Amino acid sequence: MNERQLQLEHQSMSTMYGTYADILFVLFPFLVIGMQRLWDGNLYETLMQPDLSIAAAILAGLAIGKFVLGLVTNRELGRYKERIVFFIALTLFAVLGPAIILILSIIGGAEVPGFVAFVQPVLLIIAISLYSTAVTISNILTHDVGQASYAPGTEGHSTDVADPARAGHAPLDLPRHSGTDSW
């Protein structure tokens, strides 16, 4: 492996570990609640409470944020804009909407139907998958913006985030709308 491949592999592993750390950080309080219910002998109650839907909604919100970050970071996506917007819509309709409906229905006080014990873990798995996808897409798009500094003829307009002295703008400084964008 050459140095570039090692660097890409290291970046990929860092992204993977960071993504899993985010997911574990979100799920940790729900793990503690589940362990307490297990201690009390009420583990099945965890599946009938809104805890997993809350976790799925949090991860879906984080995924939407990452997808939007990918859209905002790289404005020259062309045909890929529609794909990212599709993932945002998929996250809204497949996870966030059903999770919020389940939360409100469970908290509403009516008897919780048995299918909720199956639907909530499925929602959580889908939310974790979409969040992982969102982080990967966002990092690819952010990395592509950083690679623009290596293109010929861009010496004075660098966007290399790894070297702030060479960067053309301050980190986290969002680009201004110039009126010429095709949005």
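# A walk through five helices

Let's start at T15, which sits in helix α1. Keep in mind as you click around that this is a predicted model. With T15 selected, add T136: the two are 121 residues apart in sequence, yet their C-alpha atoms lie 7.5 Å apart in space. Now show what T15 touches. Leaving out residues up to four places away in sequence, you'll find V135 and N139.

Slide along to M16, also a resident of helix α1. Pick its C-alpha atom and that of V135, and the distance comes to 8.8 Å, for residues 119 apart along the chain. Is M16 buried, exposed or partly exposed? Its relative accessible area is 29%, so M16 counts as partly exposed.

**Zoom out**

Time for the whole chain. Switch to a cartoon view and you'll have five helices and zero strands to look at. Reading from the N terminus, the order is α-α-α-α-α. The chain has 183 residues, and 29% of them are buried. Its accessible surface comes to about 11800 Å², with 68% of that belonging to carbon and sulfur atoms. What about contacts across the sequence? Take the contacts between residues at least 6 apart in sequence: 71% of these join residues at least 24 apart.

**Into the core**

Next, select A56, L59, I84 and L124. Of the 32 residues in the largest nonpolar core, these four touch the most other members. Which elements give two or more residues to this core? They are α1, α3, α4 and α5. Colour α3 while you're here, as the largest share of the core, 10 residues, comes from that helix.

Stay with L124 for a moment and bring up its contacts. Setting aside neighbours within four places in sequence, L124 is in contact with L27, L52, A55, A56 and L59. Two names on that list, A56 and L59, were in your previous selection.

**A busy glutamine**

Now select Q120, in helix α5, which covers residues 116–147. Is Q120 buried or exposed? Its relative accessibility is 0%, so Q120 counts as buried. Show the residues around it, again without those up to four places away in sequence. Q120 touches T46, L47, M48, Q49, P50, D51, L52, S53, L102 and I106.

**One salt bridge**

From the contacts of Q120, pick out D51. Which residue does D51 form a salt bridge with? Its partner is R37, and the closest N and O atoms of the pair are 2.4 Å apart. The bridge links distant parts of the chain, with D51 in helix α3 and R37 in helix α1, 14 residues apart. In general, side chains of opposite charge can pair when their charged atoms come close. Don't go hunting for others, though: the count for this model is one salt bridge. Check the burial of D51 as well. Its relative accessible area is 10%, and buried means under 20%, so D51 is buried.

**Three rings**

On to the aromatics, where the count comes to two pairs. Select F67 and F87 and turn the view until you can see both rings. Their centres are 5.5 Å apart and their planes meet at 15°; planes under 30 degrees apart count as stacked, so this pair is stacked. This pair, too, links distant parts of the chain: F67 is in helix α3 (residues 51–73), while F87 is in helix α4 (residues 80–107), and 20 residues separate them. F67 is buried, with a relative accessible area of 0%, whereas F87 is partly exposed at 23%.

Add F86 to the selection. The rings of F86 and F87 have their centres 5.8 Å apart, and their planes are at 65°, so this pair is edge-to-face. Keep F67, F86 and F87 on screen together: ring pairs link them into a cluster.

**Last stop: the surface**

Finally, switch on the surface and select F28, L31, V32 and M35. Together these residues make a nonpolar surface patch of about 400 Å². Click on V32, and you're back in helix α1, which spans residues 3–40. V32 has a relative accessible area of 40%, so V32 counts as partly exposed. That brings the tour back to the helix where T15 sits.

Technical notes: Residues are numbered from 1 along each chain as its sequence is written. This is a predicted model: local features need pLDDT of at least 70, side-chain atom pairs count only at pLDDT 80 or more; totals for chains, interfaces and linings use all residues. Side-chain values use heavy atoms; hydrogens and water are left out. Helices (H or I, at least four residues) and strands (E, at least two) are DSSP runs, numbered from the N terminus. Buried means under 20% relative accessible area, exposed over 50%, partly exposed in between (1.4 Å probe, protein chains only). Contact means heavy atoms within 4.5 Å. Accessible areas come from the Shrake-Rupley method with a 1.4 Å probe; for residues, only the protein chains shown count as cover. Rings of Phe, Tyr and Trp (its six-membered ring) pair if their centres lie within 6.5 Å; planes under 30 degrees apart count as stacked, over 60 as edge-to-face and the rest as tilted. Patches are made of residues with over 30% relative accessible area and no salt bridge: like charges are joined within 9 Å, nonpolar side chains (Val, Leu, Ile, Met, Phe, Trp, Tyr) within 5 Å. A salt bridge is a side-chain nitrogen of Lys or Arg within 4 Å of a carboxyl oxygen of Asp or Glu. A nonpolar core is a set of buried Ala, Val, Leu, Ile, Met, Phe, Trp, Tyr and Cys residues joined through side-chain atoms within 4.5 Å.
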